[in-house]
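Please walk me through this structure in the viewer, one selection at a time. For each stop, tell me what to select and what is there.

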Amino acid sequence: MSKTDWIQQEIENLQSAGLYNRIRTIGSPQGAWLIVDGKKVLNFCSNNYLGLANHPALVAAAKKALDEMGVGPAAVRSIAGTMTLHVELEKRLAQFKGVEAAITFQSGFTANLATIPALVGKEDVIFSDRLNHASIIDGARLSGAKIIPYEHNDVKSLEEQIKANLSQYRRALIVTDGVFSMDGDIAPLPDIYEVAKKYDILLMVDDAHGEGVLGKGGRGIVDHFNLHGKVDVEVGTMSKAFGVVGGIVAGKAVIIDWLRQRGRPFLFSSAVTVPDAAACLAAVDLLEDSTQLVDKLWENAKYFKAEMKNLGFNTGVTETPITPIMLGEAPLAQQFSRELFDAGVFAMSIGFPTVPQGKARIRVMISASHSKDDLDKGLGVFKNVGKKLGVI
Ligand SMILES: *Cc1c(COP(=O)(O)O)cnc(C)c1O
């Protein structure tokens, strides 16, 4: 017996349950088409909503910054000083989002780990949507606060939990995803805001899938619902629509200032690299210059969803470019994904525990980088596979 035998056993268990994740290797830049495991396929997988991951303007900005400023920030910002690029990025993000201030992190994941424990602690309570992202759940656990889930997107359930529990705690936080990544539905933020206001509770939204997607020119969910100045904390990511990497927290200046003092991933971990920061700045430039890419994304999403419905597929409750194709059992979804891949379409199946049992699906991610011809090709393949497997 070796100390790692149990790990080997667990891995074998995953394999025999069909839950072991074999990660495919991409041998090309991100875009509408990819070379995946050596094969050219239509990309329906990535979060590259606007096609910025390989956009010439971002690549040029990153190269220029490399030449002028080198590669890395070399230390934690709060200890060794912060580079002008990171300060400039935070200023520009705050302006773009129409908030008092913004702070950047290494990722959206660390933005949540930084923010939640800085706002609540052991004597406090967090009201959290049942389907919130793993990084919200981990941030909430790290804070030591009592976590009380409410039913998904159910403001009545939220208010019931608040009424039943609020008085037993010192402070409270309401936290929700903006766009839910598995179904593509949007949190009812105006109603959640009314409840937060009524009970005077801090309100935080994680807009990872809304940044660059929702609102005017991609300004996010707060802009989408015209709630400027009403949501205390907006978390976002530059790893999805922005096409780069990094997390954002945007909101009231006092909260951002506090995160510079007490956000642990800010205090004890370095920052995104120089070319990352420069590429993110170029992304802000692009989005401020024109809404063209965001408009194209939505036009593509509307077309694809309507055509999938016409074919007879069930696309669930999506309100965004995230398009789930509901299939039911996990083995069917896995087989569907394999058949798509063989026919040149890269779209992954998603099963339990990422989504509930019996709600397995293929998740299609639409991008502004898809041409109408790309979408038609994808629709044709979905139609063939759907017929072959008896789904439509
Ligand atoms: C993707 C995602 C994150 C993590 O963002 P990264 O920048 O990739 O770390 C956090 N929250 C939500 C809701 C997400 O969808």
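Select Gly 236 and Ile 248 together: in this predicted model, Gly 236 stands opposite Ile 248 in β9. These two residues belong to a pair of strands worth showing in full. Select residues 233-237 for β8 and residues 247-251 for β9; the two strands pair in the antiparallel sense over five bridges. Another facing couple in this pair is Thr 237 opposite Gly 247 in β9.

**Along β8**

Keep β8 selected and colour it by burial. Are its residues buried or exposed? Five of its five residues are buried, so the strand is mostly covered, a residue counting as buried when its relative accessible area is under 20%. Both faces are covered: Val 233, Val 235 and Thr 237 lie on one side, Glu 234 and Gly 236 on the other, and all are buried.

Now add residues 202-206, which form strand β7. β7 and β8 pair in the parallel sense over three bridges. To find the register, pick Val 205, which stands opposite Glu 234 in β8.

**Along β9 to β3**

Go back to β9. Five of the five residues of β9 are buried, so the strand is largely enclosed by the rest of the structure. On one side are Gly 247, Val 249 and Gly 251, on the other Ile 248 and Ala 250; both faces are covered and all of these residues are buried.

Next select residues 101-105, strand β3. β3 and β9 pair in the antiparallel sense over five bridges. Two facing couples can be shown here: Ile 103 stands opposite Val 249 in β9, and Phe 105 stands opposite Gly 247 in β9. Gly 247 is thus a useful residue to label, as Thr 237 of β8 also stands opposite Gly 247.

**The whole sheet**

Zoom out and show the strands together. In what order do they run? The sheet is open and has seven strands, in the order β3-β9-β8-β7-β6-β4-β5, with mixed pairing. At the edges stand β3 and β5 (146-150), each with a single partner strand, so one side of each is left without a neighbour in the sheet. Neighbouring strands of this sheet are turned by 20 degrees against each other on average, direction ignored.

**The ligand**

Select the ligand and the 13 residues around it. Which of them come nearest? They are Gly 108, Asp 206, Thr 237, Ser 239 and Lys 240. Two of these residues have been met in the strands: Thr 237 is in β8 (residues 233-237), and Asp 206 is in β7 (residues 202-206). The shell around the ligand divides into two nonpolar, eight polar and three charged residues.

Three distances can be drawn from side chains to the ligand:

- From Asp 206, an N or O atom in the side chain is 2.6 Å from a nitrogen atom of the ligand.
- From His 133, a polar side-chain atom lies 3.3 Å from a nitrogen atom of the ligand.
- From Ser 107, a polar side-chain atom lies 3.5 Å from an oxygen atom of the ligand.

Taken alone, the ligand exposes 380 Å², and the protein buries 85% of that.

**Backbone stops in the loops**

Most residues other than glycine have a negative phi, and most peptide bonds are trans. The next three selections depart from that pattern.

Select Asp 37, in the loop between β1 (33-36) and β2 (39-43). Asp 37 is not a glycine, yet has a positive phi of about 45 degrees. Its relative accessibility is 43%, so Asp 37 counts as partly exposed.

Move to Asn 153, in the loop between β5 and α7 (155-165). Phi of Asn 153 is also positive, near 55 degrees. Asn 153 is partly exposed, with a relative accessible area of 22%.

Then select Phe 352 and Pro 353. The peptide bond from Phe 352 to Pro 353 is cis, with omega near 5 degrees. Pro 353 lies in the loop between β12 (349-350) and β13 (360-365).

**Last stop: a helix residue and a long distance**

Select residues 108-119, helix α5, and pick Ile 116 within the helix. Ile 116 is buried, with a relative accessible area of 0%. To finish, draw a line from the C-alpha of Ile 116 to that of Ile 392: the two are 276 residues apart in sequence and 44 Å apart in space.

Methods
Residues are numbered from 1 along each chain as its sequence is written. This is a predicted model: local features need pLDDT of at least 70, side-chain atom pairs count only at pLDDT 80 or more; totals for chains, interfaces and linings use all residues. Side-chain values use heavy atoms; hydrogens and water are left out. Buried means under 20% relative accessible area, exposed over 50%, partly exposed in between (1.4 Å probe, protein chains only). Helices (H or I, at least four residues) and strands (E, at least two) are DSSP runs, numbered from the N terminus. Two strands pair if DSSP finds at least two bridges between them. A residue is near a molecule or strand if one of its heavy atoms lies within 4 Å of it. A polar contact is a pair of N or O atoms within 3.5 Å; within protein, one must be able to donate a hydrogen and the other to accept it, and residues adjacent in sequence count only if both atoms are side-chain atoms. Accessible areas come from the Shrake-Rupley method with a 1.4 Å probe; for residues, only the protein chains shown count as cover. Ala, Val, Leu, Ile, Met, Phe, Trp, Tyr, Cys and Pro count as nonpolar, Asp, Glu, Lys and Arg as charged, and the others, Gly among them, as polar. Axes are lines fitted to C-alpha atoms, for helices over the stretch in contact, and angles run from 0 to 180 degrees between N-to-C directions.
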